[in-house]
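Colleague: Can you walk me through this one? I have a few quick questions.
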Amino acid sequence: MPHQKRKGLPLYVAGLSCCFALWTTAIAFTAPTLQQGASAASGAWGVQQRQARNKHIARQALTVDLTGKVAFIAGVADTTGYGWAIARELANAGATIVVGTWPPVLKMFNMALKKKATDEAKKLDDGSLMEIAKIYPLDAMFDVPEDVPDDVKSNKRYAGVEGYTIEECVEAVKKDYGQVDILVHSLANGPEVTKPLLETSRKGYLAASSASAYSLVSMVQRFGPIMPKGGAVISLSYVAAVRTIPGYGGGMSSAKVRSTHPHLEFKHAPAFCVDSHLLRPKAQLESDTRTLAYEAGRKYGIRVNTISAGPLKSRAASAIGGDGEKTFIERAIDYSVDNAPLDQPLYAEDVGRTALCLLTDLTSAVTGMTMYVDMGLHSMGQSLDSPAYEGLDLKSR
Ligand SMILES: NC(=O)c1ccc[n+]([C@@H]2O[C@H](COP(=O)([O-])OP(=O)(O)OC[C@H]3O[C@@H](n4cnc5c(N)ncnc54)[C@H](O)[C@@H]3O)[C@@H](O)[C@H]2O)c1
């Protein structure tokens, strides 16, 4: 991808290391108090703090211009998740945004996009609104039309939607745009959300892997031939791929899970399902990232990386449920604020900005990598808020 100046909208970033240096030095915000941190998920870090933080993110140094580049983002159905934030950053840099949306939520997403209430989330740095050039139906469970079983074809949530297998989706994008420069895989799904690994069935295990991990392989296989040399792919992972996260998933209520995949006759988990049987797909995703980087690098000259993101209160993650006092994801965010090196909540745009780096020529020599964007939580070996260390004041050392 050629890297040129973009008039009117200077977008920063001098490679990842520089970006992170700028980030950590140029963000002038006050560290939240413990109390703020503990209640971060429930809103103590409100709109103003968030805006202030974003305003102070350094947006100078280099300029990125993605005008004329086509970015396909798989897994966007509302404005709260990582896919949306990544799309917004790419749109800020001038890319043409096309998305792949799961058929059961396609209608809802189309309706939401037309509402005035969505305008704030669409707003770009120059005040204009992000345009999604086209929304393609996409069910990442299916590669080719022959894979789609009759019960899915006849399911009312798929009624009137056609061409949603990965192959058909790629064909449609190719017909419309000729090529794709940027591919983002921002989706995950899995049945048996309430079960620990010891109780997970083979069917449930393989279904989670199919939707959440193999889907990346299938997309790179099929998008690869229409990606020019220098193109870039990213996916979204989670630290549970490499570390055990005890207790996650155990308290999830299946009643809170909203949708059922007709093919599997299983309840489908929200995307942020860190239940044990969905950890394997994330481990697969990270391992596949390395192999795909090698194979697709040699074959097509494209780069493949994954971002291991911290907890985010996306719509899907919010649907996991909780114990009545707090949702599961709110507790995960509070834990991060209390225990990560950087004691602030993570926002979707934090991941969006790193994605932008990884998807441009600024990181043209970076491939096969898992990049943590989690306020550094992954680097901690023990928690700071354990009662075992009470009185040692570890948080302020
Ligand atoms: N939210 C978090 O805390 C968190 C943390 C680390 C990683 N992630 C990862 O980030 C990615 C995006 O998740 P998010 O939390 O931003 O939620 P999200 O709801 O914005 O994104 C998940 C998307 O996956 C789509 N989807 C589900 N099944 C699908 C299928 N079979 N085919 C096509 N699309 C399908 C959903 O419709 C949804 O749009 C996921 O890979 C998730 O595992 C999330």
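Colleague: Is strand β8 buried or exposed?
Modeller: Buried. This is a predicted model, and in it seven of the seven residues of β8, residues 303–309, are buried, so the strand is largely enclosed by the rest of the structure.
Colleague: Which residues point which way from β8?
Modeller: Arg303, Asn305, Ile307 and Ala309 point one way, while Val304, Thr306 and Ser308 point the other way. Both sets are buried.
Colleague: Which strand pairs with β8 over six bridges?
Modeller: That is β5, residues 232–237, in the parallel sense. Val233 has Val304 of β8 as its bridge partner. β8 also pairs with β9, residues 370–373, again parallel, over four bridges. There, Ile307 has Met371 in β9 as its bridge partner.
Colleague: Switching to helices. How many of the residues of α13 are buried?
Modeller: 11 of its 11, for residues 348–358. The charged side chains are no exception: Glu349, Asp350 and Arg353 are among the buried residues.
Colleague: And at what angle do α8 and α9 pack?
Modeller: About 35°, with the axes 10 Å apart. The crossing is right-handed. α8 covers residues 166–177 and α9 residues 202–223.
Colleague: Which residues meet there?
Modeller: From α8, Ile166, Glu167 and Val170; from α9, Ser218, Met219, Arg222 and Phe223. They divide into four nonpolar, one polar and two charged.
Colleague: What about the whole chain: how many helices and strands?
Modeller: 13 helices and nine strands. Of the 397 residues, 47% count as buried. Among contacts with a separation of 6 or more, 81% are between residues 24 or more positions apart.

Definitions and conventions:
Residues are numbered from 1 along each chain as its sequence is written. This is a predicted model: local features need pLDDT of at least 70, side-chain atom pairs count only at pLDDT 80 or more; totals for chains, interfaces and linings use all residues. Axes are lines fitted to C-alpha atoms, for helices over the stretch in contact, and angles run from 0 to 180 degrees between N-to-C directions. Helices (H or I, at least four residues) and strands (E, at least two) are DSSP runs, numbered from the N terminus. A crossing is left-handed if the near helix is turned anticlockwise from the far one by less than a right angle, and right-handed if clockwise. Two residues are in contact if their C-beta atoms, placed from the backbone, lie within 7 Å. Ala, Val, Leu, Ile, Met, Phe, Trp, Tyr, Cys and Pro count as nonpolar, Asp, Glu, Lys and Arg as charged, and the others, Gly among them, as polar. A residue is buried if 20 or more other C-beta atoms lie within 10 Å of its own, exposed if 12 or fewer, and partly exposed in between; C-beta atoms are placed from the backbone. Two strands pair if DSSP finds at least two bridges between them.
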